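Here is a note for a colleague who is meeting this structure for the first time. Please read it beside the sequence and the model shown below.

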Number of protein chains: 2
Amino acid sequence: MAGSNIPEPVTAVTDLAGSWLPLGLQEVEQRLREIVAAAGGLAPEAESTLAAGGKRMRPLLVLLCAGRPAQEGGIRAATAVELVHMATLVHDDVLDSAPLRRGRPTVVAAAGRGRALATGDLLLSRAFAELLPSPEAESQVMALAGASVSLARGELAQRQDAFRTDVSAERYLQRCRLKTAALFECACVIGRERPAAARVALERFGGEIGLAFQLLDDVLDVVGPSERTGKARGTDLLDGTVTLPMIRAGERDPELKSIDLHALDGAAAEGLCDRIAASGATEAVRGEARDRVERAKQGLREAPIEHVDQKLFELVADGVVERYS
Amino acid sequence: MAGSNIPEPVTAVTDLAGSWLPLGLQEVEQRLREIVAAAGGLAPEAESTLAAGGKRMRPLLVLLCAGRPAQEGGIRAATAVELVHMATLVHDDVLDSAPLRRGRPTVVAAAGRGRALATGDLLLSRAFAELLPSPEAESQVMALAGASVSLARGELAQRQDAFRTDVSAERYLQRCRLKTAALFECACVIGRERPAAARVALERFGGEIGLAFQLLDDVLDVVGPSERTGKARGTDLLDGTVTLPMIRAGERDPELKSIDLHALDGAAAEGLCDRIAASGATEAVRGEARDRVERAKQGLREAPIEHVDQKLFELVADGVVERYS
């Protein structure tokens with residue numbers, strides 16, 4: 001994956017789709033690079049980190065849902081959605097003072113807290129400018145602003161729940177809808193105006209795979225391996241973030257609910273991860289994620305949607321699971 | 001001013017304008033309160049700080065420029081501009097770990113860094129949602145996104161220039177255009193579509209009083225008194241931020257350019273402030289600010305603008321100067 005312009009689960013999709021999709025993704029990369037370069041005042045390391053890209057799942061979804069061939073409006077919408085995502089990553093790294101992301105120095109490590117904070121604000125503001133001018137700008141801005149507000153509300157909710165081992169699965173899922181699924185939903189509808197029924201179906205597809213994505217990410221924090229995730233197991237628990245594996249483990253082993261997460265150190269966090277995995281909870285959560293992906297695929301098969309290639313969507317959905325298997 | 005809903009320089013303007021303007025500002029306050037309350041997950045102290053308001057110069061400008069009576073579109077635009085401003089304040093306080101703003105605990109003090117960062121992101125995203133739906137949404141989003149990108153670029157530029165005592169007045173003014181004037185310019189054009197000539201004239205008015213506002217703020221950091229500003233004199237210098245008073249002082253007393261700001265402590269910073277004031281630089285910068293305000297007023301008198309009340313604009317412009325005299 002390293003050194004390639006187009007990252008993994010995307011590859012299977014772009015292979016099947018033919019050249020229009022990788023070409024569209026390349027245009028998105030180009031726009032992202034230009035936007036970062038135009039910001040000014042960023043350390044070169046910070047620029048290269050931002051330009052180095054990630055999985056680009058969200059732009060891929062935007063382009064797929066907008067349909068072939070990729071038009072300028074779709075490229076811009078895909079760029080805007082990724083800019084919002086990048087803004088949240090840059091701000092997350094400020095909070096964690098994280099040294100690395102994707103093996104490169106984070107913006108905060110390369111440029112300091114002040115510039116990283118301003119960079120996140122810039123990327124977020126720039127996302128909205130990216131949608132203009134367009135005949136569909138109003139509904140696009142509405143979709144993006146809604147998702148972006150949801151991301152922040154999800155972050156606030158997560159912090160409100162911090163260190164609460166008695167948090168319910170419903171509350172956790174609601175948090176994930178805000179924090180992760182909302183932007184996936186937005187990605188599936190922002191690139192093309194559609195009749196209400198098709199829009200709802202695509203939104204549901206995005207929401208389900210977004211939730212699956214988050215569930216599997218949370219499993220990874222418990223099971224590692226850390227060589228693959230680039231961080232120690234139990235990082236969430238050390239931060240006080242109680243996720244579905246811990247919640248499901250608590251249903252099997254109620255003693256877990258009385259653990260004081262404030263008292264954890266790195267070794268104790270790894271021990272707790274082992275206990276969660278031993279309870280069968282991580283396997284159960286993986287199953288829940290797979291169920292969501294299946295539901296997403298099934299929902300799309302039954303939906304009245306024009307201009308989408310069923311098979312490509314199924315590959316994207318499967319890609320979410322495969323990344324973590 | 002404390003305890004009143006409508007803050008100072010605004011009072012003279014609202015007295016003259018008649019009830020439509022204070023009523024409009026009250027509607028803006030109401031919307032801001034609702035938006036903050038709807039965020040969820042904020043500590044009550046943080047909510048009350050956000051709702052407690054500030055000078056509300058920008059909403060006042062939006063409503064004035066949109067013209068009487070205040071329409072829903074103008075109220076929404078005024079709210080959106082203030083939300084962007086609030087977002088930058090919340091994020092600034094995260095960086096400084098500031099305990100108080102306007103005599104109340106800051107969001108970061110009341111709710112912690114993570115929630116404060118998310119709150120800023122939420123306010124910024126919410127600003128764009130506030131502009132919808134509207135027939136003028138596209139140009140409004142364009143104006144607001146442009147201003148919001150400028151704010152972040154100004155912040156980046158200021159950090160790039162940090163501790164450089166040889167920074168030029170031109171570079172400083174360019175920074176201020178980005179960091180402060182851009183949102184004032186936006187405030188003057190976002191509330192009503194106008195012919196190009198009128199738009200340009202209003203934008204220029206906003207830009208000049210925005211720059212004057214920043215210049216006088218920077219003078220205040222040098223001359224205090226700290227009982228009035230709520231912070232020690234020389235705070236900018238201690239942060240490495242070289243502003244126009246220091247630049248103009250360096251033109252009069254070139255030795256100042258070789259001072260190493262990294263080596264300053266609080267007492268040395270106050271000493272440097274005294275030296276800057278003694279050089280006549282603060283008085284000179286006050287004069288530059290007053291000239292800008294006069295230019296702003298003159299420009300508007302000559303402009304082909306319908307629906308604006310000249311006298312009200314002059315009061316707003318004078319209010320910027322009076323706040324600091």
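The numbered points below take up the single chain, then the pairing of the chains, and then the core.

1. This is a predicted model, in which local features need pLDDT of at least 70 and side-chain atom pairs count only at pLDDT 80 or more, while totals for chains, interfaces and linings use all residues. Residues are numbered from 1 along each chain as its sequence is written, and chains are lettered from A and ligands numbered from 1 in the order in which they are written.

2. Chain A holds 16 helices and two strands, where helices (H or I, at least four residues) and strands (E, at least two) are DSSP runs numbered from the N terminus. The C-alpha trace of chain A spans about 55 × 50 × 35 Å along its principal axes. Its radius of gyration, taken over C-alpha atoms, is 19 Å, which agrees with the value near 20 Å for a compact globule of 325 residues under the rule of 2.2 Å times the number of residues to the power 0.38.

3. Among contacts in chain A (C-beta atoms, placed from the backbone, within 7 Å) between residues at least 6 apart in sequence, 74% join residues at least 24 apart. Buried residues, those with 20 or more other C-beta atoms within 10 Å of their own, make up 53% of the 325 residues in chain A.

4. A turn of 180° with a shift of 0.0 Å along the axis lays chain A on chain B with an RMSD of 0.0 Å, the copies being superposed by least squares on the C-alpha atoms of residues with pLDDT of at least 70 in both. That is the relation of a two-fold axis. In chain A, the C-alpha nearest the axis belongs to A:Glu138, at 3.2 Å from it.

5. Between the chains, 36 residues of chain A are in contact with 36 residues of chain B. On the side of chain A that touches chain B, α5 (72-96), α7 (113-130) and α8 (137-160) each supply at least two residues, and α8(A) gives the most, with 15 residues.

6. The largest nonpolar core, a set of buried Ala, Val, Leu, Ile, Met, Phe, Trp, Tyr and Cys residues joined through C-beta atoms within 7 Å, has 215 residues, and those with the most contacts inside it are A:Val81, A:Leu144, B:Val81 and B:Leu144. Domain 1 (1-134) and domain 2 (135-305) of chain B both give residues to this core, so it lies between them; the domain bounds come from an automatic or database domain assignment. Not counting residues up to four places away in sequence, A:Val81 touches several residues, including A:Arg58, A:Leu144 and A:Ile190.

Methods:
A residue is buried if 20 or more other C-beta atoms lie within 10 Å of its own, exposed if 12 or fewer, and partly exposed in between; C-beta atoms are placed from the backbone. Two residues are in contact if their C-beta atoms, placed from the backbone, lie within 7 Å.
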